[in-house]
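Here are my notes on this one, point by point. Have the model open while you read.

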Amino acid sequence: LNNIAVLTSGGDAPGMNAAVRAVVRTGIYHQLNVFGVMYGYRGILKNEIFPMESKSVANIIQRGGTILKTARCKEFYEYEGRKKAYENLKKHNIDGLIVIGGDGSFNGAQKFSQEFDIPCIGLPGTIDKDIAGTDSTIGFDTAVNTAIEAIDKIRDTADAHDRLFVIEVMGRDAGYIALHSGIATGAEHIMVPERKTELNDIIEELQANERRKKLVNLIVVAEGDETGGANEVARRIKESCPQLDTRVCILGHIQRGGSPSCTDRILASRMGYAAVDALLEGIHNVMIGIVNDKIHYTPLDKAVKAKQEIDPEWFKIVKILAS
Ligand code: ATP
């Protein structure tokens with residue numbers, strides 16, 4: 001192993017920069033030449049591949065986004081595109097590729113590494129925490145912290161006006177951001193795709209709450225919840241409880257930005273270090289995860305979107321603590 005390349009792909013997540021920094025500096029420590037690729041797979045196809053030094057990653061551990069930029073790339077879905085990517089990597093004699101991204105990016109890496117002789121390592125970078133083979137993903141902790149900071153602020157105004165807020169958080173098909181941010185902010189209800197919520201039950205409860213004058217009501221809804229998101233939930237509540245002052249807040253992209261939390265910086269640093277280590281050890285085509293605080297390898301084709309169950313006890317906790 002002499003020359004390795006690193007890229008970020010798919011949706012950005014806070015902590016990606018810390019991972020890039022760890023890859024570059026660990027590579028250099030082991031006397032490898034490290035190349036950065038701009039804009040994910042698109043950058044390989046466009047030959048936006050450049051050598052990185054230790055100082056290329058100075059002053060980025062605390063920055064959100066990704067200095068390598070990210071993109072989606074249609075051509076990489078096709079064999080011809082991946083062949084061109086291979087040829088460009090070979091121009092720089094690259095013999096190892098580290099991909100920081102989500103499961104789509106790992107699918108691409110898996111195909112690529114099967115077709116061509118470039119070993120690939122994946123690092124899970126997504127705020128959604130929806131990938132099998134790791135207890136958390138780079139960006140999740142920061143996104144949840146951003147969400148709770150915002151929800152705490154909404155709670156202040158909800159309290160001042162005795163309003164009910166329906167707050168939508170990100171997570172796509174996964175409810176972890178909703179579950180964690182909802183518990184941490186004391187939400188009365190948390191609606192997630194992993195578990196069907198009977199909105200009518202919530203409405204009945206809200207009517208009962210009103211009789212006993214419960215003042216602050218927060219409902220946290222995951223964007224992927226099958227009820228249809230915060231606007232739809234609020235619409236139905238307003239229909240049945242017109243006397244309640246019901247408002248909607250969709251947190252949106254603020255959840256993807258900002259300085260990564262301590263947890264994400266450490267996760268990203270460990271994972272970036274482990275990725276180079278794996279390549280040096282001859283471990284190929286795996287995603288690096290951390291399970292029970294230990295580095296854990298998952299074959300890239302198994303590092304898919306995790307349709308995990310959420311233990312029903314969590315919802316019991318939510319109910320008891322908010323009553
Ligand atoms: P996120 O979950 O944050 O969106 P992701 O990595 O899942 O990240 P995708 O848009 O699914 O995001 O994938 C990123 C890129 O990876 C795609 O634009 C494409 O270039 C490549 N890719 C994804 N899936 C495949 C596939 N099945 N075959 C080849 N390449 C793929």
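1. Which residues are closest to the ligand, and how many surround it? There are 17 around the ligand, with Gly10, Gly11, Gly102, Gly104 and Gly108 the closest (near means a C-beta atom, placed from the backbone, within 6 Å). Bear in mind that this is a predicted model: local features need pLDDT of at least 70, side-chain atom pairs count only at pLDDT 80 or more, and totals for chains, interfaces and linings use all residues. Residues are numbered from 1 along each chain as its sequence is written.

2. Helix α4 (residues 103–115) gives the most to that shell, 6 residues. Helices here are DSSP runs of H or I, at least four residues, and strands are E runs of at least two, numbered from the N terminus.

3. Asp103 lies in α4, and an unreviewed UniProt entry annotates Asp103 as "binding site"; such annotations may be inferred rather than shown by experiment. Asp103 is buried, because 21 other C-beta atoms lie within 10 Å (20 or more counts as buried, 12 or fewer as exposed, in between as partly exposed).

4. Now the sheet. Its 7 strands form an open sheet with mixed pairing, in the order β3-β2-β1-β4-β5-β10-β11 (a pair needs at least two DSSP bridges). β3 (49–52) and β11 (294–299) each have a single partner strand, so one side of each is left without a neighbour in the sheet.

5. Strands β5 (residues 120–124) and β10 (residues 286–291) pair in the parallel sense over 2 bridges. Gly122 stands opposite Met287 in β10.
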